[in-house]
Every structure is written in structure tokens, then in C-alpha cells.
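Reader: Please take a close look at one part of this structure, the salt bridges of chain B, and set them beside the wider picture of charged groups and open space.

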Amino acid sequence: MWNRLGCYFEAHMRCWRRLKRYLSTEIMIEYRACLYFCCILFFYCCYLGLHGDFFARVPVLVEMILLTYAMCYLQLYVFQNFDETDHLGRWGLAGILVCSVCYTAASWIFLWFDRKKTVTALFCIYMVMVYVSVRLANKIKRRIDTELLNQMLDKYKSEQKKGGQEPEKSAVS
Amino acid sequence: MKLTLHQITEGEDEIVICYRSMTPRIETLVEFVRGDVQKIPAVWEEQTVYLAPEEIFYLENVDGITYAYLADKVARISSSLKALELRYTRRGFFRCAKAMILNINKISYLKSEPGGRIRATMENGEQVIISRKYGKELRRILKGGEEDVE
């Protein structure tokens, strides 16, 4: 009976670990989708504003968020998360181009910019720049984090050498 | 450090240590007086050797056996990772993965990786990837036990 309970517990823990991994990935995709949605929304609002229109259509917004959500899945599972990698290989570059073209195609199909060729072309360039900027921002963030980590490491090692750390218990019992 | 020796004619031998702050040096002295084993017994080339924790780069558990990796050798240790972690946390031993303990003092460089991971380059050139879960603990240790405020 204990063996059966143990197996049940082990299976349950495995499921729980898989669920945590899935949730972690899902949440990351959703954060990223929101980021790209905001970038697209900014371009869209600028387009509307320049045309004297201050009302965004809800179906367009829904299309945008759903598309960014789907594209983030593509980025992660097909193009190896190119916006977070250190080195942008051919596959990452292909990812940037493919995703930008997908967004551009969607903007054309769903009439986000009323099928204006110039605006659509600018949107494509804008999306490429968004990806490059996000990559750069992530890289800078990691570089700063690396510097901080190594500063803390040096401080920790020098404190260990000097012996400046307080123990948790007293030496004399 | 001042050393005062006082010979007595009667009574039990006693060692009194007066300290302002507990340093690893004083702690080592205390452990020695208590008779605690400082060095870790290990097996290397079928010989028993005693390893100083400071010499160990990292410890790894492979198929239930714990191995200590030093600059020039790999020795087998009978203690479990858990026991070694508990004992030598204050000496810089840090659990970086389910089956590995790193000696922080032997890390030469840390690099932040995508996904919240950390790449640790050891003094012997080996690189270890620390996952986000253990990376958080590493940051806490490096900050000196303060709350992680990232």
C-alpha cells in the first residue's frame, strides 16, 4: 500500500512540475505578447492620430492582441526565442523577418492601415526595428545584471577572505 | 590575534576564546578544539585523501555517488550532497542544481543568461549553467542574505 502511495505521490509531483513549467512558459509568452501589442498599438494610434481619428476599433485591437499571442508562440517554438538570445544567428534573423512580414501581411488583410502601401511598408520596417530594439534592451539588461553579479561575487569573495561574516551560532557553547 | 597561555596546577583543561566578531579563522579554531573534522575524507585512486573544502571546485552526484572536483583530481566522497551542503554553506558551498554543489569562492566569472539563468565560469575554465530557481538563491547569498529586490 505504501508503494502504491509512493508511486501516486511521485506521479502527482511529476504532473505538478510539468504544470509549473507550462505556466512559466505561458506567462512569459503573455508578457511578451502584451509588449509587442503595445508597440503595434503605438504605431496604430500614431496612424489614426495623423489622420485626425481618435477612436480605435475594438475588432482591430482584438486582432492585434490575438496575432501577437500567436506570433510569440512562433517566436518561442520555431525561431528559438530570438529576442532573448545573445547571438542572432541565421535562424534568429529569419525569425525577425518572418514575424515582421506576418504582422505586415495581417495589417494588409485586416485593413489596419486601410491597405495604404506606404504605411504598410513603414509598419514592416517599424516591426523589424521593434524586434531589434527589444533584443537590444534585453541584452543591455543582461549586461547590467552581469556587472552587478560580478561586483557582488567579488565582494563576497573578499569578505570570505577577510572573514567578516557573522556565523549563525556562537562559538562557545 | 593575541595569544595568552596560562598554565594551571589543578582543574580541567579549558580553552576560552574571547572574540569581537566570529571570523572563519576563529570558527576553524573552535571546530578544531571541538574535534570537528574540517577536511572531507574522500577516495582518490583507491587511496583515502582528506580534502580541504577550499580546494573543491564543485561537487556532483552521479548515479548516487558524490564526486568532488578539484584542480587536478576527481575524488569520490561518501557523504551526501545534502550533508555537505548543510555543513559547508558558510564556506561558500552553494546548491546550484539538483545534483551539484558549487564552491562560490572558485567561481571566476558570472554571466547573466536569457531566461533568468546564470552561467558560472569556474577558475578551471569549466562552465556551469545555474537555473533561474537556483540563481535566485545565488543572488541572495551574494547579497549577504538580504531580500532579493530585483
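Author: At 44% relative accessibility, Glu123(B) is partly exposed, a class that lies between buried (under 20% relative accessible area) and exposed (over 50%), with a 1.4 Å probe and the protein chains only. The model is predicted: local features need pLDDT of at least 70 and side-chain atom pairs count only at pLDDT 80 or more, while totals for chains, interfaces and linings use all residues. Residues are numbered from 1 along each chain as its sequence is written, chains are lettered from A and ligands numbered from 1 in the order in which they are written, and side-chain values use heavy atoms, with hydrogens and water left out.

The side chain of Glu123(B) meets that of Lys106(B) in a salt bridge, with N to O at 3.9 Å; the term requires a side-chain nitrogen of Lys or Arg within 4 Å of a carboxyl oxygen of Asp or Glu. This pair joins distant parts of the chain, 17 residues apart: Lys106(B) sits in the loop between β7 (100-103) and β8 (107-112), and Glu123(B) in the loop between β9 (118-122) and β10 (127-130). Strands here are DSSP runs (E, at least two residues), as helices are (H or I, at least four), numbered from the N terminus. Lys106(B) is buried, its relative accessible area being 17%.

Glu113(B) takes part in two further salt bridges of chain B, one with Lys111(B) at 3.5 Å between the closest N and O atoms and one with Arg119(B) at 3.3 Å. Glu113(B) is itself buried, at 11% relative accessible area. Its partners are partly exposed: Lys111(B) has 28% and Arg119(B) has 26%.

Over all chains, the search finds eleven salt bridges. In chain A, a network of them links Arg32(A), Asp83(A), Glu84(A) and Arg142(A).

As for open space, the largest pocket holds about 1,800 Å³. A pocket is an open set of points on a 1 Å grid over the protein atoms alone, with protein on both sides within 12 Å along at least five of seven lines; lining residues have an atom within 4 Å of a point. The volume is the space filled by probe spheres set on the points. Of the 40 lining residues, Ser24(A), Gly115(B), Gly116(B), Arg132(B) and Lys133(B) are the closest to the centre. α1(A) contributes the most to this lining, with ten residues.

Note on methods: On a 1 Å grid over the protein atoms alone, a cavity is a set of points where a 1.4 Å probe fits but cannot get out, and a pocket is an open set with protein on both sides within 12 Å along at least five of seven lines; lining residues have an atom within 4 Å of a point.
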